[in-house]
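Biologist: Thanks for sitting down with me. Could you take me through this model and tell me what stands behind each label?

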Amino acid sequence: MSVTITTRPAIPGGDAHQSSQYEGFFSLAARSMRSSDIRDMFALTEAGDIISFAGGFPTPDVFPAEKAAALMAKVAATRPQAALQYGPTEGIGELRAAVADLMGQRGVPATPGEILLTAGSQQALDLVARTFADPLAPVLVELPGYVGGLNAIAANRGRLIGCPTDQDGIIPAGVSEIIERLRSQGEQPRFLYVIPNFNNPAGTLLPQERREALVEIARRYNLLIVEDDAYGELYYDRRPPLPLRALAPERVIYLGSFSKVFFPGLRVGWINGPEPLLRKLAVAKQAADLCSSTFGQYVVLEWLREGNWQQHTSWLRGIYRHRRDLMWEALRHFFPADARYSVPAGGFFFWVTVPDLPCSTRELLPQALAHGVAYVAGTGFCVDGGGQQSLRLSFSQVEEAKITEGIRRLGEFLAGVRERPPKG
Ligand SMILES: Cc1ncc(COP(=O)(O)O)c(C=O)c1O
């Protein structure tokens with residue numbers, strides 16, 4: 001297989017929102033930071049009758065409001081001194097132990113000392129980037145890759161190098177080819193950032209054989225792997241294969257989150273990895289926030305202790321599976337017949353590629369908004385400038401009644417621009 005090494009510069013031309021008057025005040029690292037297309041989109045889609053497939057939030061319909069209120073009251077009443085106080089940087093011991101048990105249920109034996117609790121897995125991504133990336137040193141990411149992860153690495157000035165993927169996720173042979181090529185230039189990637197389960201944005205699920213091949217490559221080339229598993233519990237057919245961390249615990253750092261299975265307002269996630277690495281990550285966390293929300297950690301702890309969180313997750317799977325099916329059905333019906341996508345077996349996203357568009361999906365976005373529908377353009381996910389004909393559609397947050405209508409609007413719009421390309 002022939003693979004070209006494609007990179008995004010650590011210091012891009014600058015953010016359109018930055019005012020030149022203040023440019024000189026910014027650190028080099030701040031100049032590397034880019035606003036996420038997805039965040040920018042929220043402001044646009046709040047107006048008018050727009051059906052937005054842009055945001056990948058959980059649907060608020062499933063937020064357990066009464067349960068949350070009861071758990072919060074319980075925590076405040078029974079543990080006010082600990083729950084309202086600053087906590088340890090690593091997180092409260094009882095939740096670290098409970099998360100270690102949870103990792104065991106996911107096939108990864110873990111001790112509480114191998115768990116670092118974070119403010120969502122987004123903070124984990126930032127800590128990982130601060131701890132393992134170096135200015136301009138290569139970091140391997142997927143094409144397409146998760147914007148939050150890419151931005152965390154770029155903000156810490158890592159040089160993003162895209163690895164090829166297909167409908168089954170990252171291609172191990174492509175990864176080893178890139179590593180070989182880097183090595184021939186005297187470089188070693190700092191780590192590989194990968195989302196094996198229900199990738200954001202690609203929706204792909206990495207098969208068992210590829211997981212084994214990937215950790216084999218990591219061992220051969222002494223590579224650290226950062227495995228982001230925000231969606232692993234949201235499987236719609238069957239449980240995903242074992243995490244990479246189960247296959248190579250000595251070199252995989254696993255990121256988990258309660259955002260999608262409980263609720264994201266809590267901001268509770270975790271890192272599970274080798275203790276020596278966790279100790280350094282904890283030092284990075286001391287500089288970032290000293291400790292994440294103690295109160296939120298106790299709420300999660302009480303929720304896990306009630307013992308029926310699996311039932312809740314199974315209920316969520318049913319709801320999201322139904323939305324996935326509605327979007328799939330609508331795509332079959334309303335999208336151009338040559339549109340390419342694979343059906344996600346979990347998570348929140350369809351990644352759709354529509355050939356022969358007159359311009360990129362990013363350029364088409366304002367007109368799509370005028371047609372009452374929003375998506376995230378593919379280019380923001382692709383560090384090689386690819387994704388021009390692709391878009392990410394999230395079904396998680398859109399009311400069931402609107403999914404079909406939104407896909408109808410978008411399908412007709414895309415078919416229309418292929419027939420009548422926009423002027424100028
Ligand atoms: C792949 C992936 N990783 C990490 C996150 C961050 O999640 P949180 O910080 O809420 O745990 C998200 C959120 O959408 C995500 O999609």
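Modeller: Gladly! Let me start with the rule for a salt bridge: a side-chain nitrogen of Lys or Arg within 4 Å of a carboxyl oxygen of Asp or Glu. Keep in mind that this is a predicted model. With that rule, 2 salt bridges are found across the interface of domain 1 and domain 2.

Biologist: What makes Arg324 and Asp237 a salt bridge?

Modeller: Their side chains come to 4.0 Å, N to O. The rule asks for a nitrogen of Lys or Arg within 4 Å of a carboxyl oxygen of Asp or Glu, and the pair is therefore counted as a salt bridge.

Biologist: How many salt bridges does the rule give by its full count?

Modeller: The count comes to 27 salt bridges. One of them joins Asp126 and Arg130, with the closest N and O atoms 2.7 Å apart. That distance is within 4 Å, so the pair meets the rule. Both residues sit in helix 6 (residues 120-132), and they are 4 residues apart, about one turn of the helix.

Biologist: Which residues belong to domain 1 and which to domain 2?

Modeller: Domain 1 covers 21-63 + 311-418, and domain 2 covers 81-308. The contact between them takes 34 residues from domain 1 and 35 residues from domain 2. Their centres, taken over C-alpha atoms, are 24 Å apart.

Biologist: How do you know how much area the two domains bury between them?

Modeller: Buried area is what two parts lose in accessible area on being put together, summed over both. For domain 1 and domain 2 that gives about 2,900 Å², with 64% of it on carbon and sulfur atoms. On the domain 1 side, Arg317, Phe381 and Val383 lose the most area to domain 2, together 20% of what that side buries.

Biologist: How many residue pairs are in polar contact across this interface, and which elements of domain 1 take part in touching domain 2?

Modeller: There are 10 residue pairs in polar contact, both residues at pLDDT 80 or more. Helix 1 (28-31), helix 13 (309-334) and strand 12 (349-353) each give two or more residues to the domain 1 side. Helix 13 supplies the largest share, 8 residues. By type, the side of domain 1 that touches domain 2 divides into 18 nonpolar, 10 polar and 6 charged residues.

Biologist: What surrounds the ligand?

Modeller: 13 residues do, and the closest are Ser121, Asp228, Tyr231, Ser257 and Ser259.

Biologist: What makes the pairing of Asp228 with the ligand a polar contact?

Modeller: A nitrogen atom of the ligand is 2.6 Å from an N or O atom in the Asp228 side chain. The cut-off is 3.5 Å between N or O atoms, so this pair qualifies. Against that cut-off, Gln122 qualifies too, because one of its backbone N or O atoms lies 2.9 Å from a ligand oxygen atom. Lys260 brings a polar side-chain atom to 3.0 Å from an oxygen atom of the ligand.

Biologist: Why pick out certain peptide bonds and phi values?

Modeller: Because most peptide bonds are trans, and most residues other than glycine have a negative phi. Here, a cis bond joins Leu143 and Pro144, with omega about 5°. Pro144 is in the loop between strand 4 (138-142) and helix 7 (147-155). The bond from Asn200 to Pro201 is also cis, omega being near 15°, and Pro201 lies in the loop between strand 8 (192-194) and helix 9 (208-220). As for phi, Leu136 has a positive value near 65°, in the loop between helix 6 and strand 4.

Definitions and conventions
Residues are numbered from 1 along each chain as its sequence is written. This is a predicted model: local features need pLDDT of at least 70, side-chain atom pairs count only at pLDDT 80 or more; totals for chains, interfaces and linings use all residues. Side-chain values use heavy atoms; hydrogens and water are left out. Domain bounds come from an automatic or database domain assignment. Contact means heavy atoms within 4.5 Å. Buried area is the accessible area (1.4 Å probe) that two parts lose on being put together, summed over both. A polar contact is a pair of N or O atoms within 3.5 Å; within protein, one must be able to donate a hydrogen and the other to accept it, and residues adjacent in sequence count only if both atoms are side-chain atoms. Ala, Val, Leu, Ile, Met, Phe, Trp, Tyr, Cys and Pro count as nonpolar, Asp, Glu, Lys and Arg as charged, and the others, Gly among them, as polar. A residue is near a molecule or strand if one of its heavy atoms lies within 4 Å of it.
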